[in-house]
Amino acid sequence: MINVIFFSLVGGLFSLVGALVLFRDKKQASKIVQYATPFAAGVLLAAAFAGLLPEALEQNSNTSAILTTTLIAFLTFFFLERFLQVFHHHHDHEDRKKKASISLIIIGDTLHNALDGVAIGAAFLVSPATGIVAAIAVALHEIPQEIGDFGLLLKNGLKRKKVVLVNVLSALATTITAVAVYGFGNAESFLIPYVLAITAGFFIYIAASDIVPELHEKSKSKFDLRPWFLLFGAVLIMIISPIAHKYIDAGHDDEHSSELHNEADDHGYEYSDKDSHMQDDDHYDE
């Protein structure tokens with residue numbers, strides 16, 4: 001639970017970095033957005049396809065059901081943005097965002113952060129490594145997204161202190177939903193694979209909505225680096241993810257095994273590693 005709280009706070013409040021840059025230097029913030037967006041999109045795509053979906057399919061072998069759930073989630077998020085226009089506010093849609101009221105922007109950002117928390121909480125139910133990778137993906141995406149929302153709120157007349165306060169309160173929705181999903185969830189629940197599939201659809205939609213409008217536009221520079229940042233983000237997660245599973249999950253399993261040994265000692269009998277593996281086998285048989 002401590003890990004869930006810590007990493008969800010990182011994922012939710014990491015956007016403050018972008019805000020500080022925006023307040024200090026608008027040109028620098030614009031450069032960060034230009035390259036951080038495709039990088040974050042690559043991270044989200046890799047987290048979805050190389051992390052969340054494989055985990056969902058490992059827990060539920062019904063490939064058709066898992067992939068259909070991902071598709072339905074993708075389409076649902078599309079229609080939420082299309083008709084409600086409160087789900088995802090991206091920094092490049094300035095014409096649309098200028099028409100939005102301050103309250104609508106805040107509601108949309110809070111909903112977005114709440115869904116981020118669901119993603120992080122569900123991922124931690126699977127394993128610590130999966131949760132950390134999901135939190136990293138969320139955090140990296142928050143910087144370019146929040147720079148756009150911060151800029152719009154300032155243009156609408158909100159003072160800097162209020163912008164920061166609103167962002168902090170909105171970001172706490174990430175931690176609240178992450179803790180709720182993790183606290184009330186069950187790693188063995190049949191719903192977890194579907195929650196992971198929904199999260200994957202969420203990540204894929206965000207990435208696709210960021211990539212399509214930008215990377216096909218002509219770059220002002222002679223050599224466009226944005227596609228390479230997209231590739232770098234994807235490759236980075238594909239490298240980090242297996243390493244995290246190897247070391248973080250291994251440490252978590254050792255800690256769990258140690259707890260079983262201590263419990264066995266309290267009851268006055270020996271508990272071997274073989275017994276632990278037998279319990280795991282019985283769990284999978286069930």
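Ile66 lies in helix H4 (residues 63-84), where helices (H or I, at least four residues) and strands (E, at least two) are DSSP runs, numbered from the N terminus. The model is predicted, so that local features need pLDDT of at least 70 and side-chain atom pairs count only at pLDDT 80 or more, while totals for chains, interfaces and linings use all residues. Residues are numbered from 1 along each chain as its sequence is written, and side-chain values use heavy atoms, with hydrogens and water left out.

**Exercise 1. Describe the surroundings of Ile66 and Thr70.**

Begin with Ile66, which has a relative accessible area of 0% and is therefore buried; buried means under 20% relative accessible area, exposed over 50%, and partly exposed in between (1.4 Å probe, protein chains only). Next, look for its contacts, meaning heavy atoms within 4.5 Å: leaving aside neighbours within four places in sequence, Ile66 is in contact with Leu53, Ala56, Leu57, Asn60, Pro193, Tyr194 and Ala197. For one of these partners, Ala56, the C-alpha atom is separated from that of Ile66 by 7.1 Å, and the two residues are ten apart along the chain.

Then turn to Thr70, which is placed in helix H4 and is buried, with a relative accessible area of 7%. Not counting residues up to four places away in sequence, Thr70 touches Leu53, Ala197, Ala200, Gly201 and Ile204.

**Exercise 2. Work out how helices H6 and H7 are arranged.**

Two packed helices are described by the angle between their axes and the distance between the axes. Helix H6 (residues 102-126) and helix H7 (residues 128-155) pack at an angle of about 170 degrees, and their axes are 8 Å apart. The axes are lines fitted to C-alpha atoms, for helices over the stretch in contact, and angles run from 0 to 180 degrees between N-to-C directions. H6 and H7 are therefore roughly antiparallel to each other, since angles under 35 degrees count as roughly parallel, over 145 as roughly antiparallel, 65 to 115 as roughly perpendicular and the rest as oblique.

**Exercise 3. Find the salt bridge and summarise the chain.**

A search of the whole structure gives one salt bridge, that is, a side-chain nitrogen of Lys or Arg within 4 Å of a carboxyl oxygen of Asp or Glu. The partners are Asp224 and Arg226, whose closest N and O atoms are 2.9 Å apart, and Arg226 counts as buried at 6% relative accessibility.

For the summary, the protein chain has eleven helices and zero strands, and of its 286 residues 44% count as buried.
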